[in-house]
Amino acid sequence: RRALDELATVLAREPDHIDARRLRQDVLRQRGRRGLVLHEAQAAVAARPDDGLAHYLLARVEDEPAAKLAGFRRAARLAPGSVWPWLGLAHALVDVDVHRALRIYERLFAASGEHALVAIAYAAALRAAERPDEAALVYRALRGDERFVGVSDLGLAQTALARDNREGAW
């Protein structure tokens with residue numbers, strides 16, 4: 001409850017704060033309130049049909065992969081300058097068109113100044129595409145951010161194992 005109260009305080013000051021809106025969705029979904037989250041996202045899109053971030057937030061909570069993908073595409077078209085719709089689109093594409101997902105991640109990684117959130121998703125997609133050497137380069141880029149050294153080390157160990165380099169993994 002405290003987390004939702006804190007988020008309500010932030011959203012009262014900044015109703016369009018995307019990080020707070022995303023986190024609120026996550027907290028509510030974890031508490032079994034997916035219906036509420038879906039209803040709110042649908043209402044936001046109905047109220048603001050040209051708002052790319054509203055479409056992004058709706059796509060995040062869609063169950064059907066096709067609806068999720070369509071929502072992220074619409075969000076990216078409506079808000080091409082925002083990282084979130086593109087990150088969502090790349091994530092949704094990993095299972096259906098990994099090469100297109102990787103192209104999006106590559107551009108996001110460069111455009112975001114190698115942002116850690118993008119790096120983690122990009123490296124995971126590279127691993128899924130069985131490109132461990134490239135994934136290792138992205139994980140090494142994360143080492144410069146003290147908040148993600150553990151993620152970097154784990155990713156490097158996983159890529160070493162993917163290359164059958166047990167010694168490098170340890």
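These questions and answers walk through a predicted model, from its overall fold to its cores, pockets and loops.

Q: How many helices and how many strands are in the chain?
A: The model is predicted. From the N terminus on, the elements run α-α-α-α-α-α-α-α-α-α-α. The C-alpha atoms fill a box of roughly 55 × 35 × 30 Å along the principal axes. The count for the chain is 11 helices and zero strands.

Q: What percentage of the residues in the chain is buried?
A: Buried means under 20% relative accessible area. The chain has 170 residues, and the buried part makes up 42%.

Q: Among contacts between residues at least 6 apart in sequence, what percentage joins residues at least 24 apart?
A: A contact here means heavy atoms within 4.5 Å. Among contacts in the chain between residues at least 6 apart, those that join residues at least 24 apart come to 35%.

Q: Is the aromatic pair of Tyr-56 and Trp-84 stacked, edge-to-face or tilted?
A: The structure holds four aromatic pairs. In the pair of Tyr-56 and Trp-84, the centres are 6.2 Å apart and the planes meet at 35°. Stacked needs under 30 degrees and edge-to-face over 60. The pair is therefore tilted.

Q: Which helices does the pair of Tyr-56 and Trp-84 link?
A: The two residues are 28 apart, and the pair links distant parts of the chain. Tyr-56 sits in residues 52–61 and Trp-84 in residues 83–93. These helices are α4 and α6.

Q: Is Trp-84 buried or exposed?
A: Its partner Tyr-56 has 3% relative accessibility and counts as buried. Trp-84 has a relative accessible area of 12%. The cut-off for buried is under 20%, so Trp-84 is buried.

Q: Which residues form one aromatic cluster with Tyr-56?
A: Tyr-56 pairs with Trp-84. The cluster also takes in another ring. Beside Tyr-56, its members are Phe-72 and Trp-84.

Q: Which helix gives the largest share of the largest nonpolar core?
A: The core has 36 residues, of which Tyr-56, Leu-87, Tyr-105, Tyr-122 and Val-138 touch the most other members. Helices α4, α5, α6, α7, α8 and α9 each supply at least two residues. The largest share is eight residues, and it comes from α8.

Q: Which residues does Tyr-122 contact, leaving aside neighbours within four places in sequence?
A: Tyr-122 is one of the core residues that touch the most other members. Two others of that group, Tyr-105 and Val-138, are in contact with Tyr-122. The full list is Leu-102, Tyr-105, Glu-106, Phe-109 and Val-138.

Q: How many residues does the other core, with Leu-11 and Leu-28, have?
A: This core lies apart from the core of 36 residues. Its members include Leu-11, Leu-28, Val-37 and Leu-38. It has 14 residues.

Q: Which helix gives the largest share of the lining of the largest pocket?
A: The pocket has a volume of about 330 Å³. Its lining has 14 residues, and Arg-22, Tyr-56, Arg-60, Gly-88 and His-91 lie nearest the centre. By class, eight are nonpolar, two polar and four charged. Helices α2, α4, α5, α6 and α8 each supply at least two, but the largest share, four residues, comes from α6.

Q: Which elements give two or more residues to the lining of the second largest pocket?
A: This pocket has a volume of about 230 Å³. Of its 13 lining residues, Arg-21, Arg-24, Glu-40, Ala-41 and Leu-57 are closest to the centre. The lining divides into seven nonpolar, one polar and five charged residues. The elements are α2 and α3.

Q: What is the phi of Glu-114?
A: Most residues other than glycine have a negative phi. Glu-114 lies in the loop between α7 and α8. At 45% relative accessibility, it counts as partly exposed. Although Glu-114 is not a glycine, its phi is positive, about 60°.

Q: Is Glu-130 buried or exposed?
A: Glu-130 also has a positive phi of about 60°. It is found in the loop between α8 and α9. Its relative accessibility is 69%. The cut-off for exposed is over 50%, so Glu-130 is exposed.

Q: How far apart in space are Leu-36 and Trp-84?
A: Leu-36 is found in helix α3 and counts as partly exposed at 27% relative accessibility. Leu-36 and Trp-84 are 48 residues apart in sequence. In space, C-alpha to C-alpha, the distance is 22 Å.

Notes:
Residues numbered from 1 in each chain as written. Predicted model: local features only at pLDDT ≥ 70, side-chain atom pairs only at ≥ 80, totals over all residues. Heavy atoms only, no water. Phe/Tyr/Trp six-rings, centres within 6.5 Å; stacked < 30°, edge-to-face > 60°. Buried < 20%, exposed > 50% of the residue type's maximum accessible area, 1.4 Å probe, protein only. Core = buried A, V, L, I, M, F, W, Y, C linked by side-chain atoms within 4.5 Å. 1 Å grid on protein atoms, 1.4 Å probe; cavity = no way out; pocket = protein on both sides within 12 Å on 5 of 7 lines; lining within 4 Å. Points joined across faces, edges and corners; volume = space filled by probe spheres on them. Nonpolar A, V, L, I, M, F, W, Y, C, P; charged D, E, K, R; others polar.
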